[in-house]
Amino acid sequence: MSDPQISIDLARIEHNARTVVDLCKSYGITPFGVTKGTCGMPQVARAMLRGGVAGIAESRFENIRRLRDAGIDCPIMLLRSPPLTRVEELVRTVDVSLQSELQLMREISRVAERLGRVHDIILMIDLGDLREGIWPSDLIPTVEAVMALPGVRIAGVGTNLTCFGAIIPTQENLTQLVAHAYKVESITGRPLDWVSGGNSSSLPLLLEGGMPAGINNLRIGEAILQGGRDTFLTEPWAALDRDAFELTGELLEVKTKPSMPIGQSGIDAFGNVPIFVDEGDRLRGIANIGREDVIAEGLMPTRPGVRVLGASSDHLVLDLTDADPPLAVGENVSFRMNYGALLTVMTSEYVEKVPMRDVCETGESRTYAIETDAIGGALIVVQNIAERIDHLGFERSAKEDALTLSVCARRGDVIRFVEDAGRRHDALGMIWIDSDAAMMPDGDRDAPPAENAVLRRMLDRLPPHVAPENIVLIGLRNAAPEEAAALKASRMRIFTMAEIDAVGLRQAMRDAIAIASAGTCGFHLCYSPTATDMSGWSGGIGGITVRETHSAMEMAALSGKLRSLSVSGIDAALPSPIGAECANFILSAFGKTIL
Ligand SMILES: *Cc1c(COP(=O)(O)O)cnc(C)c1O
């Protein structure tokens with residue numbers, strides 16, 4: 001092994017999340033899992049979600065982007081105020097955030113209003129820990145000022161303890177929080193969604209049965225990740241597993257040396273005057289881990305008898321005299337870490353992160369099928385699509401759960417494929433990416449819908465397992481007035497180009513996936529190339545960009561909910577570069593990424 005590694009046991013993290021969630025549930029508390037200790041590692045977030053947390057809380061936008069890019073579409077909470085320059089990103093990517101400064105909330109409101117949204121906030125109240133929070137005497141005026149802001153909604157109140165002033169959560173201070181919550185409810189005249197009673201350090205109180213009624217949320221990181229190594233220092237909570245993370249380095253040197261340095265002593269590389277105890281000659285080892293990677297004081301060797309003596313930038317100095325069994329040059333040494341050490345290891349780019357025991361997402365199909373008409377078949381052959389899908393690790397299969405790709409010339413022909421997909425899957429949503437709604441109502445109400453009124457015909461005879469509430473139309477930019485009326489009357493969710501300009505395609509697609517997946521076994525994705533603005537082609541002018549189209553397809557793939565995909569609206573006259581681009585979109589929907 002060359003570089004140091006940290007192994008991350010996802011099954012242990014899932015177990016801890018479930019243990020915390022189960023305890024919380026019995027007291028009416030819905031916890032969020034905090035992934036900041038792992039820099040928002042998507043596998044860790046998924047493990048927490050499998051364990052039952054209601055959402056993920058994070059402190060940094062970079063981490064939130066990692067989570068969203070990985071297709072994690074659960075509610076996300078931002079744990080601190082954003083800088084003023086990143087308020088737009090906050091409104092776009094985060095579902096709820098912790099806030100304490102009026103000036104910032106004004107800016108959030110202004111930006112949210114511009115984007116046509118309302119941002120949920122949890123007002124933080126300082127109960128004495130002296131980190132973030134509104135001072136209790138300022139609470140009422142602050143609430144009144146926030147109520148005048150149209151772009152923010154007070155979704156709750158919360159507090160943070162033990163982080164700066166080391167103030168412990170108690171029945172007294174959390175009862176104060178509940179009292180503040182009642183006050184806010186009486187001013188706003190509506191119940192709060194969240195009364196958020198702190199972080200892992202609130203768990204001992206919960207275990208003792210001392211949590212006041214009225215607290216309904218906690219934000220738990222350390223106890224899930226580290227099994228409460230820091231939270232339950234003196235009396236561990238035995239149900240939690242403390243060994244999810246292990247740091248491993250290699251011994252570069254092992255020699256017997258005196259325990260006292262020789263020569264005139266000054267200050268060390270970090271400005272400290274080191275103190276040594278003379279223990280005579282000792283067997284010492286040096287591992288390839290340093291202060292660049294970790295707070296060495298937070299390391300706990302797993303091998304009995306090994307002691308950490310200190311560290312410089314790149315060397316960890318160990319006493320190996322009593323190691324049992326003994327250690328030699330070239331062998332690995334491993335460590336558990338406290339939370340501070342874990343944070344530094346996870347941010348060190350020199351340490352390789354190795355997630356273990358990841359669970360394959362259920363319902364993910366690695367088999368596929370293709371159905372086409374003559375023109376669609378020609379596109380498949382010319383662009384070599386089947387072989388390229390095989391290269392992504394898919395296998396062609398006639399099984400029911402195969403991801404089905406259909407390609408056909410006329411939009412109207414996709415109805416057959418959607419009906420087939422509806423039959424195969426118990427309940428199915430649909431995402432339709434197109435410039436046109438294909439909803440044209442007819443002059444004569446009793447006449448069958450016109451051939452080009454595809455969605456209209458589909459809504460008229462939806463297969464029993466597809467509900468209009470699970471259908472989303474994305475990218476609409478042409479609609480005749482009478483068609484607009486029909487669209488409004490339908491129960492579909494429609495993202496017009498104007499709305500995509502306002503919220504961004506990624507946000508629209510995220511919402512679309514959530515709507516199409518709500519209570520279904522997944523969704524069918526219909527794509528028409530006129531949705532995309534491709535250079536040199538008049539069909540898609542004014543649509544979403546090529547990159548955005550790829551992004552939508554990749555998000556569909558990452559969601560794990562894509563059950564079938566159809567591409568239609570390609571006629572024989574389609575210029576071949578456009579056909580090639582469509583083939584690339586299909587591959588993105590099968591999970592192809594640039595790297
Ligand atoms: C980090 C943080 C948490 C999570 O703390 P843990 O001790 O890891 O559970 C909760 N709330 C806020 C505001 C935080 O900054």
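The following exchange goes through a predicted model, from its domains to single residues.

Biologist: Into which domains does the domain assignment divide the chain?

Modeller: The assignment is best read along the chain, where domain 1 covers 9-226 and domain 2 is made of two segments, 245-262 and 271-357. The remaining entry in the assignment is domain 3, with the bounds 362-589.

Biologist: How much area is buried between domain 1 and domain 3?

Modeller: The C-alpha centres of these two domains lie 37 Å apart, and nine residues of domain 1 are in contact with nine residues of domain 3. Carbon and sulfur atoms give 40% of the area buried between domain 1 and domain 3, and that area is about 850 Å².

Biologist: Which three residues supply 50% of the area that domain 1 buries against domain 3?

Modeller: The area buried between the two domains is about 850 Å². On the side of domain 1, no other three residues supply more of the buried area than the trio that accounts for 50% of it, namely Asp 73, Arg 92 and Arg 117.

Biologist: Which side chains meet in a salt bridge at 2.8 Å, N to O?

Modeller: Between domain 1 and domain 3 the count is one salt bridge. With a distance of 2.8 Å from N to O, a salt bridge is formed by the side chains of Asp 69 and Arg 506.

Biologist: Which helices each supply at least two residues of the side of domain 1 that touches domain 3?

Modeller: Across this interface three residue pairs are found in polar contact. By class, the side of domain 1 that touches domain 3 has two nonpolar, two polar and five charged residues. At least two residues of that side come from each of two helices, α3 (61-69) and α4 (87-93).

Biologist: Which backbone oxygen lies 2.6 Å from a polar atom of the side chain of Arg 92?

Modeller: Arg 92 lies in helix α4, and the residues that Arg 92 touches include Leu 115, Arg 117, Asp 501, Gly 504 and Arg 510. A polar atom of the Arg 92 side chain lies 2.8 Å from the backbone oxygen of Ala 502. At 2.6 Å from a polar atom of that side chain lies the backbone oxygen of Val 503.

Biologist: Which residue has a polar side-chain atom 2.5 Å from an oxygen atom of the ligand?

Modeller: Of the 14 residues around the ligand, those that come nearest are Lys 36, Ser 200, Arg 219, Gly 221 and Glu 222. Nitrogen atoms of the ligand lie 3.4 Å from a polar side-chain atom of Asn 160 and 2.9 Å from one of Arg 219. The distance of 2.5 Å to an oxygen atom of the ligand belongs to a polar side-chain atom of Ser 200.

Biologist: Is the peptide bond from Asp 324 to Pro 325 cis or trans?

Modeller: Pro 325 is found in the loop between β14 (316-319) and β15 (332-337). The omega of the bond from Asp 324 to Pro 325 is near -5 degrees, and the bond is cis.

Biologist: What is the phi of Leu 130?

Modeller: Leu 130 is found in the loop between β6 (119-124) and α6 (139-147). Although Leu 130 is not a glycine, its phi is positive, at about 65 degrees.

Key: Residues numbered from 1 in each chain as written. Predicted model: local features only at pLDDT ≥ 70, side-chain atom pairs only at ≥ 80, totals over all residues. Heavy atoms only, no water. Domains from an automatic or database assignment. Contact = heavy atoms within 4.5 Å. Buried area = accessible area lost by both parts, 1.4 Å probe. Salt bridge = Lys/Arg side-chain N within 4 Å of Asp/Glu carboxyl O. Polar contact = N/O pair within 3.5 Å; in protein donor to acceptor, adjacent residues only side chain to side chain. Helix = DSSP H or I, 4+ residues; strand = E, 2+ residues; numbered from the N terminus. Nonpolar A, V, L, I, M, F, W, Y, C, P; charged D, E, K, R; others polar. Near = heavy atom within 4 Å. Lists of a residue's contacts leave out its neighbours within four places in sequence.
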